[in-house]
Amino acid sequence: MEFTVTTANPAQKKAGVLVIGVFERRRLSDIGARIDQATDGYLRGILANGDLDGETNTSLLLYDVPGIRARRVLLVGCGKASEFDRRAYRKVNAWVAGLLERSRATDALTCLPAIQVRGVDAGDRARVTVEATETRRYRFDEFRSEPNTPKHPLSRLALHVADGDDKAKAEAGIAHARSLAAGVHLARDLANRPANVCTPTHLAEQARALDQQYDHVHTTVLEESDMEELGMGAMLAVSRGSREPAKLITMSWQGAGPDKAPVVFVGKGVTFDSGGISIKPAAAMDEMKYDMGGAASVFGLIRACAELRIDANVVGLVPAAENMPDGAAYRPGDILKTMSGQTIEIINTDAEGRLLLCDTLTYAKRFSPDTIIDIATLTGACIVALGHHASAVLSTNDQLARQLMQAGERAGDRAWQLPIWDEYQEQLKSPFADFSHVGGQPAGTITAACFLSRFTKDYKRWAHLDIAGTAWTRGDSKGATGRPVPLMLQYLLDHHDGR
Ligand code: BES
Ligand code: MN
Ligand code: ZN
């Protein structure tokens, strides 16, 4: 897919489709009004007929518009001009990306990036436009005999901006969006891949492939024997019921000098979660192939960092294992010794994610992280609390939680904070071990984070992202979303990029 930036008069440019924004009450955007002059008021005439008011998610496709060289004009509703902010701009672009896909045009010229948006410069506008197009273009065809790609896909999109200054900004925005898209696509591919293909061993191979593909990305993989030596009793217990050997994957992007402390990301990599001996009901169990969505997002983030060559050191840790019932599987009531030395009583073998994470969080100390963030499809309770719109952020550092929420807002990949007050810690009391690994029904997302917090005491900046509701969508577009790669990349750019 080719993206270009142009400042030339849109009326005089050839294009399969020319996209023009219209605000509510039939108000053409400024650039639209200029194009209308070339059409001798034709567009205004159409609007005066009342065919399009300008509400969001409405549009009008026109053919043979006089005075311009594009074959079709797509008038698209942008909502109220006074409410046209970053979110509204993102929404319109997503809507247009869908319309362009369904049109038969192979090239288009969009004037949306020329519209002023409160608090959003031309670079960000171009970025959002390209992100929306790339998100829409994604296909997962690996396992189909016939690819389901459209016959005449959009292959060129030109972005119209006001002047040369904006052109340079928009070009940088496009490069940014492409790097992010490369990361998001990788995350979606990995999470969409079925568990019979995407095993812990497969993830390890993918991590080695990133090492091969990019300078300054380095991968190492620990085997179960290494974990045994490290004393990772929790992680190994989860893997024991599976025929697939567990792997502990380390990927690092070295974009800054060796003295700069890294930001460490830990992604839950359960390649299939049957629940183990506390087996899950059959309904929707297929979705548990996405239980490595946290891991997938870490892969995607490392790739995006390498594509953008960001000036920061980033370490991605992925504990990968499969949770299965078997004669060797761990059981409810078992008591395990974690790498930290603390002992835990297993209540339910379906709470496996926190067991992978706790040992990996302990292991991460060797990287002396400036900040450490774990990402996991950890609790069904998170979907109850926040649905599919926001990831949950839980942190012992309020500043970090705020920074993550702000990054998510900016990237169109929202997160919302839940508390981890001491009162909730009470729920983890155990009569048999140092503590229990499940805190009962109430506040399941919070008590899971409370459990993790007992392994992160040495970190000043630790946060946990529960992405159970955001890592994939159900219904027609069922599949992986690639979230929260956009949030995490934005966070790195805002707070750790040395440039
Ligand atoms: N992977 C699941 C959480 C999950 C459920 C993610 C549904 C996405 C959709 C996790 O391993 C799990 O099973 N959690 C249990 C914890 C409980 C046993 C304390 C849950 O949420 O029911
Ligand atoms: Mn589970
Ligand atoms: Zn799980």
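Ala, Val, Leu, Ile, Met, Phe, Trp, Tyr, Cys and Pro count as nonpolar here, Asp, Glu, Lys and Arg as charged, and the others, Gly among them, as polar. All views show a predicted model.

**View 1. The shell around ligand 1 mixes nonpolar, polar and charged residues.** The shell holds 6 nonpolar, 4 polar and 7 charged residues. In total, 17 residues surround ligand 1. Those that come nearest are Asp273, Asp291, Asp350, Glu352 and Gly380. The ligand sits in the second largest pocket of the model.

**View 2. Side chains and backbone both offer polar atoms to ligand 1.** Two of the pairs shown involve oxygen atoms of the ligand. At Lys280, an N or O atom of the side chain is 2.9 Å from a ligand oxygen. At Glu352, a polar side-chain atom also lies 2.9 Å from an oxygen atom of ligand 1. Glu352 is also one of the residues that come nearest to the ligand. Leu378 takes part through its backbone: a polar atom there is 3.4 Å from a nitrogen atom of ligand 1. How much of the ligand's accessible area does the protein cover? On its own, ligand 1 has 520 Å² of accessible area, and the protein covers 80% of it.

**View 3. Three strands make an open, mixed sheet.** The strand order is β13-β14-β18. Strands of a sheet pair through backbone hydrogen bonds, either parallel or antiparallel. Which strands stand at the edges? They are β13 (335–337) and β18 (435–436). Each has a single partner strand, so one side of each is left without a neighbour in the sheet.

**View 4. β13 pairs with β14 in the antiparallel sense.** Strand β14 covers residues 343–345. The pairing with β13 runs over 3 bridges. Leu336 has its bridge partner in β14, and that partner is Ile344.

**View 5. A cis peptide bond joins Arg483 to Pro484.** Omega for this bond is near 0°. Where does Pro484 lie? Pro484 is in the loop between β21 (479–480) and α15 (485–495).

**View 6. Ala284 has a positive phi.** The angle is about 65°, although Ala284 is not a glycine. Ala284 is placed in a loop. That loop runs between β11 (269–273) and α9 (293–308).

Terms used: Residues are numbered from 1 along each chain as its sequence is written. Chains are lettered from A and ligands numbered from 1 in the order in which they are written. This is a predicted model: local features need pLDDT of at least 70, side-chain atom pairs count only at pLDDT 80 or more; totals for chains, interfaces and linings use all residues. Side-chain values use heavy atoms; hydrogens and water are left out. A residue is near a molecule or strand if one of its heavy atoms lies within 4 Å of it. A polar contact is a pair of N or O atoms within 3.5 Å; within protein, one must be able to donate a hydrogen and the other to accept it, and residues adjacent in sequence count only if both atoms are side-chain atoms. Accessible areas come from the Shrake-Rupley method with a 1.4 Å probe; for residues, only the protein chains shown count as cover. On a 1 Å grid over the protein atoms alone, a cavity is a set of points where a 1.4 Å probe fits but cannot get out, and a pocket is an open set with protein on both sides within 12 Å along at least five of seven lines; lining residues have an atom within 4 Å of a point. A molecule sits in a cavity or pocket if more than half of its atoms lie within 2 Å of its grid points. Two strands pair if DSSP finds at least two bridges between them. Helices (H or I, at least four residues) and strands (E, at least two) are DSSP runs, numbered from the N terminus.
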